[in-house]
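Open the model in your viewer and keep the selection tool at hand. This tour goes stop by stop.

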Amino acid sequence: MPDRLSALDASFLYVEDHSTPMHVGGVAIFERPRDGFTHEQLLDLIGQRLAFLPRYRQRVLEVPGHLARPVWVDDVDFDLNYHVRRSALPQPGSDGQLFDLVARLMSRRLDPGRPLWEAYFVEGLAGDRVALVTKTHQSVVDGVGTIELGQLILETAPQEPEPFDDNWHPRREPSRTQLMLDAVAETVQRPTELVENVRSIAHDATAMAGKVTETVGDVASALKTMVKPAPSGPLNVRTSGGRMFAVVRTRLEDFRKVRAEHGGTVNDVVLAAITGALREWLLSRGSALTATTTVRALVPMAVRDAETAEFSTPALVGNQVDAYLVDLPVGEPNAVLRLQHIGHAMADHLDSGRSVAARGLLTVGGFAPATLHSLGARAAGSMSGRIFNVLITNSPGPQVPLYAGQAKMVEMFPVMPLVRNQALAIGVTSYHGGVYFGLNGDRKAVSDVDLLAGMIEESLEELKGAHW
């Protein structure tokens with residue numbers, strides 16, 4: 001039987017265009033070890049792990065006449081050097097130069113004729129650091145059969161580099177005749193599939209919406225608030241092809257102090273800090289805010305399967321991400337009240353008994369946030385952009401150092417994709433005592449994304465000094 005894309009995975013390919021590439025990114029920054037950390041060593045490290053990720057050596061093959069959804073096939077011309085590329089920053093190798101490069105890389109679509117992922121080994125970063133920038137299409141990481149590459153290449157202890165001996169042999173690509181015969185056989189069993197596939201590939205918005213509605217349960221369960229149009233504002237505009245990327249570096253201890261003082265969870269405090277920043281950003285643009293003004297966030301969160309007693313690596317590959325709509329109270333001038341409003345909004349999820357606590361996620365092998373951010377992006381991509389203003393994913397990571405080979409990872413920033421008519425997406429990851437924000441903004445609509453990043457830091461300081 002052909003390894004056919006699911007309806008949801010196919011939809012990510014069908015709706016993709018030059019302004020909304022459907023890939024998730026990450027920026028990991030490493031200290032270069034004394035013995036060095038080279039592009040060749042990274043090639044060996046990734047090559048060794050690809051045996052656990054067969055999807056990363058497969059490409060998408062269309063069925064003639066769109067008689068059925070595309071299929072995954074082994075890439076007979078797979079070239080690891082094409083996917084793991086080498087880049088360098090000019091002097092002085094500043095963080096700003098790195099993040100400008102990230103913005104340019106993230107704005108480019110992945111080659112649909114090759115396996116849908118890329119990694120960039122970026123040298124020349126000041127302070128004897130190197131960066132690894134990754135791009136993975138949303139159709140690849142489903143959390144069921146395939147996890148994110150970053151979850152496999154990071155270890156809790158330095159590893160001696162080992163040469164990569166590639167003994168992989170691709171399976172023969174099916175012929176056009178075989179693809180059509182398989183499609184006809186499936187059509188006989190499910191005749192409505194043919195009509196749906198032809199309409200979807202033609203970008204019929206109504207057909208696509210129906211298809212996504214049917215399959216959204218693969219990634220996100222029913223939304224926990226009434227689905228109604230999101231408030232209008234500068235965050236919902238026509239998406240351009242350009243991107244701006246900015247980061248925020250904070251300390252986990254600061255969020256814990258605010259939580260201890262005012263209650264809630266660390267995630268509530270993260271959302272409150274973002275809310276305060278969005279408030280100031282909207283005011284800086286002359287937006288008229290009232291006491292009831294809100295910005296609606298889509299907040300995907302990991303949940304535990306009811307039949308799974310322990311949240312472990314096998315449980316992750318099969319668990320789901322629930323998508324929650326949270327109305328962020330940007331009209332509220334009091335920082336503590338903003339936090340309280342958010343805490344109440346998230347209480348239903350916590351009371352459900354299915355939410356995965358941070359300590360549960362930390363038991364997952366590897367850098368699980370990379371996979372969970374990818375699942376969060378799938379949840380957002382399967383929803384209509386008309387019902388939310390901004391995507392915010394927050395996944396806790398391990399509080400011990402991780403290594404790629406012998407190189408210690410010092411920072412990790414998620415890069416969440418923008419869906420159509422969305423101008424901003426924010427990914428948050430905690431790691432080794434830090435909380436790292438990655439802000440991906442539309443180059444035209446949110447050209448001042450670095451200003452918003454600075455406002456998150458100011459909002460957190462406001463929460464730290466707030467009193468009843």
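Select Tyr82 and Arg114. The charged end of Arg114 sits over the ring of Tyr82, 3.8 Å from the ring centre. Now add Arg85. Arg85 also lies over the face of Tyr82, at 4.4 Å from the centre of the ring. Keep in mind that this is a predicted model.

**Next door: His83**

Select His83, which is found in helix α3, residues 80-83. Is His83 buried or exposed? His83 is buried, with a relative accessible area of 0%. Show what surrounds His83. Leaving aside neighbours within four places in sequence, His83 is in contact with Phe78, Arg114, Pro115, Trp117, Glu118 and Ala119. So Arg114 appears twice on this tour: Arg114 has its charged end over Tyr82, and Arg114 is in contact with the buried His83.

**Zoom out: the whole chain**

Colour by secondary structure. The chain has 15 helices and 14 strands. Of its 468 residues, 57% are buried. Now think about contacts with a separation of 6 or more. Residues 24 or more positions apart account for 81% of them. Switch on the surface. The accessible surface comes to about 19,700 Å², and carbon and sulfur atoms hold 52% of that.

**The open sheet**

Hide the surface and select six strands: β4, β5, β6, β1, β12 and β11. In that order, these 6 strands form an open sheet with mixed pairing. Which strands are at the edges? They are β4 (84-88) and β11 (403-404), and each pairs on one side only.

Look at the β11 edge. Strand β11 runs antiparallel to β12, residues 407-415, and 2 bridges join them. Pick Tyr403: its bridge partner in β12 is Lys408.

Now add helix α4, residues 95-107. This helix packs on the sheet. Helix α4 touches β1 (23-31), β4, β5 (117-125), β6 (129-137) and β12. The direction of α4 makes about 15° with that of β6.

**Aromatic stop**

The structure holds 8 aromatic pairs. Select one of them, Phe99 and Phe413. This pair is edge-to-face, with 5.9 Å centre to centre and 80° between the planes. The two residues link distant parts of the chain: Phe99 is in helix α4, Phe413 is in strand β12, and 314 residues separate them.

How buried are they? Phe99 has a relative accessible area of 6%, and Phe413 has 0%. Buried means under 20%, so Phe99 counts as buried, and so does Phe413.

Add Phe245 and Tyr436 to the selection. Together with Phe99 and Phe413, these residues form one aromatic cluster.

**Back toward the start: helix α1**

Select residues 7-14, helix α1. How many of its residues are buried? The count is 8 of the 8, so α1 is largely enclosed by the rest of the structure. Click along the helix: the buried residues are Ala7, Leu8, Asp9, Ala10, Ser11, Phe12, Leu13 and Tyr14.

**Last stop: β2 and β3**

Select strand β2, residues 58-61, along with β3. The two run antiparallel, joined by 4 bridges. Find Gln58: it stands opposite Asp74 in β3.

Now keep only β3, residues 71-74. Both of its faces are covered. Val71 and Val73 are buried on one side. Trp72 and Asp74 are buried on the other. So Asp74 ends the tour in two roles: it faces Gln58 across the strand pair, and it is one of the buried residues of β3.

Technical notes:
Residues numbered from 1 in each chain as written. Predicted model: local features only at pLDDT ≥ 70, side-chain atom pairs only at ≥ 80, totals over all residues. Heavy atoms only, no water. Buried < 20%, exposed > 50% of the residue type's maximum accessible area, 1.4 Å probe, protein only. Contact = heavy atoms within 4.5 Å. Areas by Shrake-Rupley, 256 points an atom, 1.4 Å probe, with all protein chains shown as cover. Pairing = 2+ DSSP bridges. Axes fitted to C-alpha atoms, helices over the stretch in contact; angles between N-to-C directions. Phe/Tyr/Trp six-rings, centres within 6.5 Å; stacked < 30°, edge-to-face > 60°. Lys NZ or Arg CZ within 6 Å of the ring centre and 35° of its normal.
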